[in-house]
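Grab a pen and open the viewer. Here are a few short exercises on how a protein meets its DNA, each with a solution to check yourself against.

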Amino acid sequence: MEPARPAFVPDPSASRETMETLQREIAATATFSDDFGFDPAAVSTADTHTLDAITDDRTATSPSHDDQPIVVGVDQAFLDDRAVGAIVAFRGGEVIERAHAVVDLEFPYVPGLLSFREAGAILAAFERLDVEPDLAVFDGSGRIHYREAGLATHMGVTLDLPAVGVAKGLLCGAPQRSLDDLSEGTRVAITADDSVETADDTDTVIGYALQTRQYDSGNRYINPVYVSAGHRVGSETAADLVERLCNGYKLPEPTRLADSYADEVKRDHDD
DNA sequence: GCGACAG
DNA sequence: ATCTTGTCGC
C-alpha cells in the first residue's frame, strides 16, 4: 500500500524545527478514538478455525479466514548504515504475507524523532505489501510522545491505517502508580507530563503500561510494555488489542514474527 | 549544571 | 537498535 497522505512522509533532510512542526500537524490530524471496520474481539493470535474444526467439519475441509481482520506487525533491524523494514501480515492466526525493504539510513537516532530515521524502510516495505491491513502494530510509541506523534502515529496517519504502538521503554509521560511487580493483565494509565507539549491537560491519558506477561513466582520480574494509540484507535482499545495479540508472551505475535523476519532478512542480505 | 531519553 | 556466554527458572 502507498501513503494516503504523501505530504506527511518524513523528510530526513529537513531541519529539526520542520520535523517538529510536521509532528504537530500529524498529531492534529490523528484520530485517537476507534475508527475501524472490524470486530476487536475477532483479533486473535489463535487460529479460530482450528478450534472450530473440532465441532464443525465444514471448516476442517477448507480453512478460510476471509472474515477475519488482517493485522500486520512492523519491525526494524539495522546493518551498518542501512535499515531493514519488515512486515508480517496475519489473518486468523496465520501468516498470509511478508514484505521487507532495505534502505540507506540518512538520519541518526534522536529521541522524539524516530520516524525520521525509520520511516523510509517502513514505507518502502508497505509499498511491497499486497494485502490491505486492517490494523498495524508498530514497535515504538504512538501517542506517548512529546508532540503525541510517535512512530505509530506518524505511520498510521501517513498511511491512514488504524495503528497502535508497542514500546519496551517509556519515552515520556507519568505512570499513575508504581510499575513494579505488576501481575499479568494489569494496566496502568500513563498521563501527559510537562514534556508533552501538545496535551491540553497534564493528566490526559496518552497510553498504558500493560503487563502482558509475568512469572507466577520467583524473584524475577518482567517489565510491562507501553501501549499507545497510533491512529484511528482509542487508548483503551489499543491496550485491549495488544492484550489479545500477546497470548502468554511479552510482545504481540505479529511483532515477534516481524522481529525474527527482520533478522532473517539481515542474515540473508549479505552483500 | 543534572537527569531523561521509543529504536 | 547492536555487540555477546552463560545461566537461572519454569
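Before you start, keep in mind that this is a predicted model.

**Exercise 1.** Find which base atom of DNA strand B pairs up with the side chain of His145, and look for other polar contacts to this strand.

*Solution.* Start with His145: an N or O atom in its side chain is 3.5 Å from a base nitrogen of DNA strand B. That just makes it, since a polar contact needs N or O atoms within 3.5 Å. Next, try Gly112, which uses its backbone: an N or O atom there lies 3.2 Å from a base nitrogen of DNA strand B. Then go to Asp139, where a polar side-chain atom sits 2.8 Å from a sugar or linking oxygen of the strand.

**Exercise 2.** Describe the surroundings of DNA strand B: which residues come nearest, and how do the classes divide?

*Solution.* There are 15 residues around DNA strand B, and Tyr109, Gly112, Leu114, Asp139 and Lys168 come nearest. Sugar and phosphate make up 50% of the strand's atoms within 4 Å of the protein. Now sort the residues by class: eight are nonpolar, five polar and two charged.

**Exercise 3.** Do the same for DNA strand C, then work out which parts of the strand the side chains of Lys168, Arg220 and Lys266 contact.

*Solution.* First list the neighbours: Ala77, Phe78, Lys168, Ser217, Arg220 and Lys266. By class, that gives two nonpolar, one polar and three charged residues. Of the atoms of DNA strand C within 4 Å of the protein, 75% belong to sugar or phosphate, and bases supply the rest. Now take the side chains in turn. An N or O atom of Lys168 is 3.1 Å from a phosphate oxygen. Lys266 also reaches a phosphate oxygen, with a polar side-chain atom 2.9 Å away. Arg220 goes for a base oxygen, 2.7 Å from an N or O atom of its side chain.

**Exercise 4.** Trace strand β1 (residues 70–79): is it mostly covered or open, and in which sense does it pair with β2 and with β4?

*Solution.* Check burial to begin with: nine of the ten residues of β1 are buried, so it counts as mostly covered. On to pairing. With β2 (residues 82–91), β1 runs antiparallel over ten bridges, and Gln76 stands opposite Gly85. Two residues separate the strands in this hairpin, and Asp80 takes a positive phi near 50 degrees. With β4 (residues 135–139), the pairing is parallel, over four bridges; there, Val71 has Leu135 as its bridge partner.

Conventions. Residues are numbered from 1 along each chain as its sequence is written. Chains are lettered from A and ligands numbered from 1 in the order in which they are written. This is a predicted model: local features need pLDDT of at least 70, side-chain atom pairs count only at pLDDT 80 or more; totals for chains, interfaces and linings use all residues. Side-chain values use heavy atoms; hydrogens and water are left out. A residue is near a molecule or strand if one of its heavy atoms lies within 4 Å of it. A polar contact is a pair of N or O atoms within 3.5 Å; within protein, one must be able to donate a hydrogen and the other to accept it, and residues adjacent in sequence count only if both atoms are side-chain atoms. Ala, Val, Leu, Ile, Met, Phe, Trp, Tyr, Cys and Pro count as nonpolar, Asp, Glu, Lys and Arg as charged, and the others, Gly among them, as polar. Buried means under 20% relative accessible area, exposed over 50%, partly exposed in between (1.4 Å probe, protein chains only). Two strands pair if DSSP finds at least two bridges between them.
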